[in-house]
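Reader: I am new to this structure and would like to learn how its features are read. Could you take me through a few of them in turn?

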Amino acid sequence: MVTSAKKLTRDNVLLIIVAGIASYLDAALLVSLGVALPIWLKTMQLNSWEIGFISTLLTLSVAAGSFIGGWLSDKFGRITVFNFDIFFVAVGALIIATATRFAVLLIGVTIAGLASGADLPTSLAVISERMSKKAYGRAISSTQIFWTMGILLSQFIGFITASAKQGSVLILFSWIALVAFIDWCVRVFSHKIKNIEAVTVDPNPTTKKTLLKKQSLKSMLGQRTTLLPLFLLTVFYLFWNLPANTWGSFVNYFLVTIDNQSQAFSTAIAIAANLFCLLLNVLYVKVADTKYRYKVMYVGIAVAFISFVVAGTFSAYWQAFTVAYICYSGSTVLCGEALYKIWNQSFYPISVRATMTGFSYGIVRAFTALFSLITPTLMGYSPKLLLWLLVGCTLIFGITAIVIVHLLKRFNIQDAGSIN
């Protein structure tokens with residue numbers, strides 16, 4: 001059992017920043033797309049199914065990228081894939097920024113989604129194999145700060161450019177392209193980063209050969225110690241991600257189209273919620289490798305559940321939805337993606353870590369994509385029904401999270417959050 005925290009070195013922090021940009025870009029693409037949907041609805045004269053298809057395509061592309069990218073990075077080298085995919089995020093974002101036709105927009109969304117999806121499992125594996133297990137919580141949860149910044153900055157840009165219409169889209173996605181391109185330059189040309197990447201942590205000298213032995217996905221899925229965590233982690237992340245993705249992509253669409261609020265108002269509310277999330281993220285990093293990790297997880301699950309119950313009960317009142325949205329957003333920090341990423345790095349051997357993470361992540365994003373396809377139409381048909389479906393999701397992911405905590409103890413996996 002982990003009994004003490006390990007301090008992050010300067011090299012650790014630099015690596016987290018460079019790799020954490022993957023989380024920033026993932027969130028920025030998702031939220032920028034959400035901000036742009038009402039604009040494209042008018043400028044391209046799209047219908048609700050076409051709007052749903054855009055979001056679905058991004059999610060499916062991220063899912064496919066995760067499947068392929070995780071496997072490629074384990075097979076051909078994580079640094080190679082790590083450097084390659086970030087460049088194509090920039091290419092895809094630039095195409096989205098300048099697209100004036102629906103077909104061109106779909107091409108850009110596909111390229112950006114594939115590349116972003118490939119970068120996520122790869123970047124997490126790059127971080128974890130250069131960190132002590134005692135620092136997994138802080139290292140992985142620190143990438144969630146980038147994820148929150150991706151949401152927050154995209155919403156802020158959308159807010160200050162709300163009146164620019166298509167110009168807002170140009171600025172949003174040009175900025176994403178610029179960030180991706182700068183990160184690519186650092187990854188490829190920085191000697192400092194190359195030196196950091198060259199050093200990996202030996203997890204256990206007596207079992208190093210076994211851990212680094214190449215194993216196929218098929219053989220891994222045949223092992224109970226891998227299959228059970230994969231199933232539980234996938235279920236947890238799926239039912240956490242359905243509500244998170246819905247409000248990440250469609251909060252602007254919901255407030256503008258269903259609740260008849262302005263684009264500026266909806267974006268301002270989202271910004272307020274994510275400022276709250278950013279503060280919680282900074283605080284969460286301090287407890288991520290302590291016995292309080294799972295105590296705050298239980299608080300987060302309860303807040304998420306109550307938030308959607310309130311929103312579902314008072315769905316006709318935009319004020320109730322607004323308060324519930326802010327509270328729910330805060331809960332995601334305590335019981336969401338950070339935990340999923342930490343658990344993925346803890347359950348699997350180093351040699352297949354990116355593959356297994358990408359496999360799970362890809363499954364979740366694929367199912368989320370299908371849900372995104374019907375979300376705008378479901379909102380129009382019955383906002384209350386949608387919100388109660390999300391209540392069910394919080395109940396499932398909350399129960400699954402509790403089961404996973406017990407599984408860590410059962411498998412005797414070193415986990416800082418299990419300190420008594």
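Author: What follows goes from the whole chain to one helix and then to aromatic rings.

Author: Please keep in mind throughout that this is a predicted model.

Reader: How many helices and strands does the protein have?

Author: The secondary structure consists of 16 helices and zero strands, and of the 420 residues of the protein, 59% count as buried. Among contacts between residues at least 6 apart in sequence, 87% join residues at least 24 apart.

Reader: How should I read a single helix such as α5, and what span should its 25 residues have?

Author: One compares an expected span with the distance between the end C-alpha atoms. For helix α5 (residues 136–160), 1.5 Å a residue gives an expected 36 Å, and the end C-alpha atoms are 36 Å apart, which agrees. Because 19 of its 25 residues are buried, α5 is largely enclosed by the rest of the structure.

Reader: How many aromatic pairs are there, and how is one of them described?

Author: Rings pair if their centres lie within 6.5 Å, and the count here comes to 15 aromatic pairs. In one of them, F87 and W184 have ring centres 5.1 Å apart and planes at 55 degrees, so the pair is tilted. This pair links distant parts of the chain, with F87 in helix α3 and W184 in helix α6, 97 residues apart.

Reader: And which arrangement do Y294 and W343 form?

Author: Their pair is stacked, at 6.3 Å centre to centre with 25 degrees between the planes. Y294 counts as buried at 5% relative accessibility, and W343 is buried at 0%.

Note on methods: Residues are numbered from 1 along each chain as its sequence is written. This is a predicted model: local features need pLDDT of at least 70, side-chain atom pairs count only at pLDDT 80 or more; totals for chains, interfaces and linings use all residues. Side-chain values use heavy atoms; hydrogens and water are left out. Helices (H or I, at least four residues) and strands (E, at least two) are DSSP runs, numbered from the N terminus. Buried means under 20% relative accessible area, exposed over 50%, partly exposed in between (1.4 Å probe, protein chains only). Contact means heavy atoms within 4.5 Å. The expected span of a helix is 1.5 Å times one less than its number of residues. Rings of Phe, Tyr and Trp (its six-membered ring) pair if their centres lie within 6.5 Å; planes under 30 degrees apart count as stacked, over 60 as edge-to-face and the rest as tilted.
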